[in-house]
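This report describes selected features of one protein structure. Please consult the sequence and the coordinates alongside the text.

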Amino acid sequence: MTAEHQRLAVNASKSIPLAQWGPYLSERQWGTVREDYSTNGDAWHYFPFDHAHCRSYVWGEDGLAGISDYFQNLCFAISLWNGKDHILKERLFGLGNSEGNHGEDVKELYYYLDNIPTHYYMEYLYKYPQQKFPYNQLREENRKRSRQEPEYELLDTGIFNNDQYFDVLVSYAKQDVNDIFIRIEITNRYYKMADISVLPTLWFYNRWSNKTLKNEPTIRFLNKTTVKATHERLGNYYFYFQQANDTLFTNNETNTETVSNIPNKNIFVKDAFHKAVIEGENLPALRNKKTGTKFAPVYKMKIPAGATKTIYCRLTPTLLDNAFVKGFENVFRIRKEEANDYYAAILPKGISGDLANIQRQAIAGLLWSKQYYHYDVERWLASSDGITPVSSSKMTGRNHDWQHLKNQDIILMPDKWEYPWYAAWDLAFQCISMAVADPTYAKHQLLLVMREWYMKPDGQLPAYEWNFSDVNPPVHAWAAMQVYNIEKKQKGKGDIVFLKKIFQKLLINFTWWINRKDVNGNNIFEGGFLGLDNIGVFNRSFHFSADLQLEQADGTSWMGTYALDMMDMALEISMVDASFEDTATKFFEHFVLIAESLNQHRLWNEEDKFFYDVLCVPGAEPMPLRIQSIVGLTSLYAVSTIKKNVFDKLKDFKKRITWFENYRRRNDKFWPNEERGDGEEILLSLVRQDRLVYLLERLLDEDEFLSPGGIRALSKRHEDHPYSVTVEGNLYTIRYDPGDSTSDIFGGNSNWRGPVWIPINFLIIQSIRRYGEFYGDNLLVECPARSGNKMNLKSVADELTRRVISLFEKGVNDERRLYGSYKWFYQKPGNEHLVSFYEYFHGDTGRGLGASHQTGWTALVAELISEYGNKGEIPKL
């Protein structure tokens, strides 16, 4: 076992498998629902970026390259000043939803370079311009642009063209669980000397203003290189730092004069450091103050061209005579070597250095995405933030029916800037990638979102804070089996206790789906947008008149997949606990009924050989919405095999499904695709083989779904053949839109009308591989379609895997396609290894789009590399 695996073994024995200190600080707390106390629910305008430096938060903290304890009592992050900006750089800048031509978007260059599950070693790189940061330019240019134009990014401003910037590399190395060394390396990438001020900042999360703490915590000056932080819950911590040019104290309190034109009680407010460092305002008072709730030493540096200067700090609960003994720097080397050993143990052997780097940064980004998330809906509805009085309108507004939800946990975020709140189905995908690094934590996260302080009493899972009642696809049973199997492969034994725990909670959620989303009781399911934002010709969550009903092909397919996954889980448990055998039978039979409805109820269009949503209008023929999108491909996900040894052991299960099959066949009722192999296993799937082939013909057609970077969310056919429909006098149109969204559905910051999405590709690849393992060479298809190149489905899965990986991998001239027109920057010396994990990718060019640090589900590329890489080197396209 590596040193990290030994630490993980200790963590696994805890009730909550977490390190006390980690990267739990958000990168954006402003503009979130939980900080919104407005009467109209406009979170972006109620708490904008321009208030973030001077207004204290109610529900958490944010910072740059920061850490906190797991209750976020005490926080650390860096602040920077280039001598030109009007504010310190103490958090990442980005546009609010209404400011960007494609919604909210971070406008910074930063990278999660390294991390391990216990956070004994972490690296974070931030690129800080030496010129004045173009805050207004980014806002104004993006406001001018239409939805048809690309976003105006930081690299478009020209501020990095001549390398006039600093690389700020922040590394953390733990001496032990609570003893953390911090190294801040500032490198001048410019050809001239440059000035920079660095403020390693320590502060307390403000819990005293809302009286949730009895006593206000304090940071107290001890000597010129030490302060003591005292907190009634956390205890004492000592912050050691090398001698600085200045030491400043203030309080983490709102500047009421700036925010609401109310005079401050004193000058020691949240943004006091900004004014003191930049303008010299109140500098002597902050320098002479010896206690507060926010503290920073100030280092003023002149860094020669190409040179690096380093600052060291240390945070520990131990009072030391000498915090930086001779050779203390070795802790960084030792922890880095341990990180190398850890990744060497978990990643496949024999792959290229570039692929290994992609995997490591994907997992590092996933680990950096752990965040403290605090939201008590009942208290939020009934309280004030000290600025806006309690509003009765909130009691009937957003999330008012989720008052049981009381979250205060470390949760994986989709993206700590763009999506600094958990999303139910994102979390399921994240746990699959996390299982490679830390299966115990992956299981913990899946179980956490099922707990009573998350799941509604009726069984609904919370979608995300913007509307907990939205409905995401039911992927958690599938994710649980993925996590279970990854760990079983690692350890040689599966965690049946975990399966039992999550199975009981999933039963409640499955029942909610059956009772709430099957309106007519015919196993045809709805669900609204189902996480696919603008995939429909109209917003599928919009409620037309009561007599219109949308029957959803994907809602029904997802439930077929859910039933099959629950059957798989029950069968796995039944092999060691026979009391689950009846439940396996129940889900098998439910799967059969859903498969019958999907295939015979009108969702399959025989003319187009494709599944469509169907709009039912009273007095008229049901109308198939003939949009060729991944909605119609969702049926591929429901595929499973049952091996002979299962039937041999579970006699009652075998007896029951044999009777059920005979009964249905005898009475000329539908029977799903069940194919028997060599007597060792049977295949169950929602679509029979002929329909599978029809769907694959479209899927593998480069003029439809197949792109150089994977499967598109919408067929390219709709580029020249847009689809339109009139509903209640309104005309709706959808066309192939391979880049940023040109619609404003769900905020307009993501697009499912043509781009490539990694989670959907992962699902498709996994399903096709499973078909391929069963059929072998007995089923061959052309890939690409009409190429004359026939291959079995395992080879098809490999080909799709190669295409997805090619988005990230260095290709011709060492260019990564995901960077599009910004490749020039990432070909510069020192930048070649940097990889961003975008939310989705252009359907034609492969350029990364949307959130730029979506290691939430885009980290799945690491698992794809592992699955294929274990076979050997992955050939480049």
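Which residue of β27 does Arg676 stand opposite? Arg676 stands opposite Ile682 in β27. The model is predicted, so local features need pLDDT of at least 70 and side-chain atom pairs pLDDT 80 or more, while totals for chains, interfaces and linings use all residues. Residues are numbered from 1 along each chain as its sequence is written, and side-chain values use heavy atoms, without hydrogens and water.

**Sheet.** Strands β26 and β27 (residues 681–685) run antiparallel and are joined by 4 bridges; strands are DSSP runs (E, at least two residues), helices runs of H or I with at least four, numbered from the N terminus, and pairing requires at least two DSSP bridges. The open, antiparallel sheet has 3 strands in the order β25-β27-β26. Because β25 (639–643) and β26 (673–676) are at the edges with a single partner strand each, one side of each has no neighbour in the sheet.

**Helix α19.** In α19 (residues 689–699), the buried residues (under 20% relative accessible area, 1.4 Å probe, protein chains only) are Arg691, Leu692, Leu695, Leu696, Arg698 and Leu699. They lie on the same side of α19 because they cover an arc of only 155° around the axis, taken from the directions from the helix axis to the C-beta atoms.

**Largest pocket.** Helix α13 (residues 476–491) gives the largest share of the lining, 9 residues. The lining is divided by class as follows.

| Class | Lining residues |
|---|---|
| Nonpolar | 21 residues |
| Polar | 13 residues |
| Charged | 14 residues |

Asp, Glu, Lys and Arg count as charged, Ala, Val, Leu, Ile, Met, Phe, Trp, Tyr, Cys and Pro as nonpolar, and the others, Gly among them, as polar. A pocket is an open set of points on a 1 Å grid over the protein atoms alone where a 1.4 Å probe fits, with protein on both sides within 12 Å along at least five of seven lines; lining residues have an atom within 4 Å of a point.

Methods. Buried < 20%, exposed > 50% of the residue type's maximum accessible area, 1.4 Å probe, protein only.
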